[in-house]
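Hello,

Here is the structure I promised to pass on. Please open it first, then read my notes below.

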Amino acid sequence: MEADGLEWLVVPMHQLVSWSAAGAMVFGGVVPYIPQYRDIKRTQNAEGFSTYVCLVLLVANILRILFWFGRHFESPLLWQSIIMIITMLLMLKLCTEVRVSNELNIKRRSFSDFDLNYFWHWSKFTDYVQCVLTFTGVTGYITYLSLDSFLFVETLGFLAVFTEAMLGVPQLYRNYQNRSTDGMSVKMVLMWTSGDTFKTVYFILNQAPFQFSICGLLQVFVDMAILLQVYFYSYYPQKPASHTAHPASTKAL
């Protein structure tokens with residue numbers, strides 16, 4: 001009788017927890033980029049943030065959405081991808097405007113130049129949008145033709161989560177290249193770590209495709225490596241490395 005009497009409370013609480021977890025999955029992924037966005041906006045300097053993080057997340061979430069057409073997964077993960085794509089485009093817009101305003105070289109570089117030396121280092125935000133739309137169109141067409149292939153769909157899912165698991169690698173390399181974490185928001189990385197940990201546990205408990213869980217663990221390890229860089233470069237400052245490469249290649253990462 002007592003258990004039956006508490007049922008009216010347990011069921012709504014269970015629904016509330018489920019909705020809260022789903023909401024955290026949808027919007028929690030974009031929260032870490034708020035302090036980084038504000039730092040760039042305040043300092044008008046985007047050199048400490050790797051825009052290749054945006055590239056990785058755009059590719060990963062586009063592939064995840066395409067994977068959904070072949071194998072449906074939880075709706076919160078689908079909405080998370082849509083929200084993340086919008087967020088990364090906003091980050092790219094700000095970084096491009098700030099970088100171009102600080103550059104002495106006024107020569108315009110565009111996506112249509114097809115110059116690999118300036119890939120992902122274009123002069124206008126519209127060039128990034130063109131690149132994203134081109135990638136989406138090509139991969140979408142290939143996916144449409146291959147949806148009946150179980151191997152293709154599973155490979156697509158793996159590529160989506162593996163690419164996302166690599167999102168911290170460009171920032172890891174950028175910090176190593178600069179011998180410093182200046183300009184990178186430590187709050188962003190801390191939120192990456194907590195969010196990726198929560199996300200990985202969510203994947204495991206909700207029996208998401210195994211690719212999600214494996215790559216979630218990898219993502220946490222990369223986050224921890226960046227936090228180790230923060231500690232190391234704070235207590236053992238390094239001399240900035242001299243770069244002999246093309247200016248565009250060093251700024252792009």
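Start with the largest pocket; keep in mind that this is a predicted model. The lining of that pocket divides into 10 nonpolar, seven polar and three charged residues. The space in the largest pocket comes to about 270 Å³. Its lining has 20 residues, and the closest to the centre are Gly-28, Gly-29, Gln-80, Gly-195 and Asp-196. Four elements each give two or more residues to this lining: helix 1 (2-28), helix 3, helix 4 (75-102) and helix 8. Helix 8 gives the most, with seven residues.

Next, helix 6. This helix runs over residues 150-165, 16 residues in total. At 1.5 Å a residue, helix 6 should span 22 Å. Its end C-alpha atoms are 23 Å apart, so the two values agree. The buried residues of helix 6 are Val-153, Glu-154, Leu-156, Gly-157, Ala-160, Val-161, Thr-163, Glu-164 and Ala-165. They pack against helix 3 (52-70), helix 5 (125-146), helix 8 (186-205) and helix 9 (210-235).

Last, the cysteines. How many disulfides does the structure hold? Zero. For Cys-95, the nearest cysteine sulfur is that of Cys-54, 5.8 Å away. A disulfide needs the two sulfur atoms within 2.5 Å, so Cys-95 is in none. Is Cys-95 buried or exposed? Cys-95 has a relative accessible area of 4%, so Cys-95 counts as buried; the cut-off is under 20%. Cys-131 is buried too, with a relative accessible area of 12%.

Best wishes

Methods. Residues numbered from 1 in each chain as written. Predicted model: local features only at pLDDT ≥ 70, side-chain atom pairs only at ≥ 80, totals over all residues. Heavy atoms only, no water. Expected span 1.5 Å × (residues − 1). Buried < 20%, exposed > 50% of the residue type's maximum accessible area, 1.4 Å probe, protein only. Contact = heavy atoms within 4.5 Å. 1 Å grid on protein atoms, 1.4 Å probe; cavity = no way out; pocket = protein on both sides within 12 Å on 5 of 7 lines; lining within 4 Å. Points joined across faces, edges and corners; volume = space filled by probe spheres on them. Nonpolar A, V, L, I, M, F, W, Y, C, P; charged D, E, K, R; others polar.
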